[in-house]
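Work through the exercises below with the sequence and the structure at hand. Each task is followed by a solution in steps.

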Amino acid sequence: MFGLIQTFSYAQTQDLASLASGKNIGMNALFDTKDNLYGYVSLYSYGNKDKKTQKFEYVILDKNLNPVANKEFEAGPLVSNYVGYVDFKGQIILRPSDYHYIQAFAKDVTAPVSMVIDPKTNTVKPKVYYDYQEDGQFKEITQPKSFKEERKENRAEKKEKGYNYVSAVGEIKEGGYLATEYNDYGKYINKNSLIKFDENKKEIWRYSYNTNGDKKVFSDLTVLERDENRLYGILRKVNDDDKTFSLLVIDMKTGKELSNKPIIGLSPDTIYNIDVLNSGNGRIDNDKTFDDKIVLLGRNYVPKSDRGFARLMLDKNNYNVDLKTLNYKPDLSNHIPKLSADGGVENGYYLQTKDVYFMSDGSVGILSEKFKPAGQYNAPKTTDLVYINTDKDFKVKEVQVFEKEKSKWENSDYLFSQYLNDGKDVVFFFRDYQKDQVTKEKKWNLFINTIIDGKFKQEVVPISEKDNYSVTPYVAKEGYILLREYNEKEKFNKIRLERLNY
């Protein structure tokens, strides 16, 4: 069980407003490539330096909220904010999260580039991009072309060749680069290739597919995962209405096929979309890689009588694919009152997936929320959360329904989740604005939900909130939660770590 220690003298705190003299424009958690919390990055804006330049500052905090690095940097006029993440080199990348597309087209300027922070030297510089061209040239790009310039070149190339050559290049952890390429004819593409280069940009191998693709007969490849030894993907072959799928495994050192096994047992639409699972707020991370397996969750795209979820589990040792389905009827209708075959519940609400949790034994937890879309005269609404806990065979083990007050417009009751105990267990957090049974006043309650050794437990903790401050819970290191107190008018922006006992 979890309990929140409300001892402020023990809590670790930091005032974001005092860390830099600029205006704080955002903060986000930084995770390494293994989903471990690295720390936080807080961004500050100093406004326009001149017509072509803005000034920003970053402050890096460790997991205990101690500032460990900061530096000012300059960017173009279009970017308004950044989101940070940690790449496989241990560098912190600041990716532009919002910029003015219309101004970019109108003023013939380039889109803003990401910034790269080296934590060891506390230096920051624009990210270098790579371009592979149809004639085999490999270039480094420090200044991208403007939208107008790129569009003009694409039109000229399409007029001359009948297609646009498209490529994308990225560095890979084991050294060197991996590129994709294809010819884009507008309504279809062909001549797809995966290409690996060494550190000197010399081609090592090339895997080609969809060589002569057209509108009706073509192939495409969805990459599921890649490590230093193998690349795993789903290869789809389409011949008009006939669609077949296979698990493609490529040797990363030689480019040779290690496996090309057919995938059968689910509808074509389910297999094709199994790597994409969207919520009302965007895409959900619906896959997880373990030492010996890859697990994915998607929707079961079949007639309404069989709607639900599909799980794909790939054994990385023998390349066997295990496919399982979990449908609203009959699998869940015994646990959730008035559940229809297409996920509908009472009064026009339906189940909308909010998050997915993967355990190392292959079991999956699915968190959904009862959601009612906006009508002609009504705002969108949400009510109860529903947690579906499955076993390693993807059968329903337990269903928990968390009754919540009705929320309108802002769909923010569900907060976040964290894996515990080296990824074996999970904890997820949500909040609700509930009426106190004694005082009859409405207050925020934080719900802390743990699944440890397959067993579910919940703790409810009040969130103290001052009249003029908003308090938002946020992700923190294992065993803690971060509470952010914010008041823009008073320039108060305080974050604090509170310990959770378990």
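Two strands count as paired if DSSP finds at least two bridges between them. The model used here is predicted.

**Exercise 1. Decide whether β4 and β5 pair, and describe the hairpin they form.**

Step 1. Eight bridges join β4 to β5 (residues 67-75), and the cut-off is at least two.
Step 2. The two strands run antiparallel.
Step 3. For one position in register, take Q54: A75 in β5 stands opposite Q54.
Step 4. Five residues lie between the strands of this hairpin, and L65 has a positive phi near 70 degrees.

**Exercise 2. Find the residues that L65 touches, and place L65 in the largest nonpolar core.**

Step 1. Leaving out residues up to four places away in sequence, L65 touches Q12, T13, Q14, Y40, L482, I495, R496 and L497.
Step 2. The largest nonpolar core has 29 residues, and L65 is among those with the most contacts inside it, together with Y40, F429, I448 and L482.
Step 3. Strands that each supply at least two residues of this core include β2 (23-31), β3 (37-50), β4 (53-61) and β33 (442-452). The strand that gives the most is β36, with four residues.
Step 4. Another core, of 21 residues, lies apart from this one; L326, V364, I366 and I388 are among its members.

**Exercise 3. Check the length of helix α2 (residues 147-161) against the expected span.**

Step 1. The helix has 15 residues. The rule multiplies 1.5 Å by one less than the number of residues.
Step 2. The expected span is therefore 21 Å.
Step 3. The end C-alpha atoms of α2 are 21 Å apart, which agrees.
Step 4. After α2 comes G162, with a positive phi near 90 degrees.

**Exercise 4. Work out which strands stand at the edges of the sheet β12-β13-β14-β15.**

Step 1. This is an open sheet of four strands in that order, with antiparallel pairing.
Step 2. β12 (164-171) and β15 (203-209) each have a single partner strand, so they stand at the edges, and one side of each is left without a neighbour in the sheet.
Step 3. On average, neighbouring strands here are turned by 15 degrees against each other, direction ignored.
Step 4. Eight bridges link β12 and β13 (residues 177-184) in the antiparallel sense. Within this pairing, V166 stands opposite Y182.

**Exercise 5. Classify the aromatic pair of Y350 and F371, and state how exposed each residue is.**

Step 1. The ring centres are 5.7 Å apart and the planes meet at 90 degrees. Planes over 60 degrees apart count as edge-to-face, so the pair of Y350 and F371 is edge-to-face.
Step 2. Y350 belongs to β26 (residues 350-358) and F371 to β27 (residues 364-372), so the pair ties together parts that are 21 residues apart in sequence.
Step 3. Y350 has 30% relative accessibility and therefore counts as partly exposed. F371, at 15%, is buried.
Step 4. Elsewhere, one aromatic cluster is formed by Y357, Y387, F402, F428, F430, F447 and F456.

**Exercise 6. Describe the hairpin of β33 and β34.**

Step 1. β33 and β34 (residues 455-462) run antiparallel and are joined by eight bridges.
Step 2. L446 has V461 in β34 as its bridge partner.
Step 3. Two residues lie between the strands, and D453 in the turn has a positive phi of about 55 degrees.

How values were computed:
Residues numbered from 1 in each chain as written. Predicted model: local features only at pLDDT ≥ 70, side-chain atom pairs only at ≥ 80, totals over all residues. Heavy atoms only, no water. Core = buried A, V, L, I, M, F, W, Y, C linked by side-chain atoms within 4.5 Å. Buried < 20%, exposed > 50% of the residue type's maximum accessible area, 1.4 Å probe, protein only. Contact = heavy atoms within 4.5 Å. Axes fitted to C-alpha atoms, helices over the stretch in contact; angles between N-to-C directions. Phe/Tyr/Trp six-rings, centres within 6.5 Å; stacked < 30°, edge-to-face > 60°.
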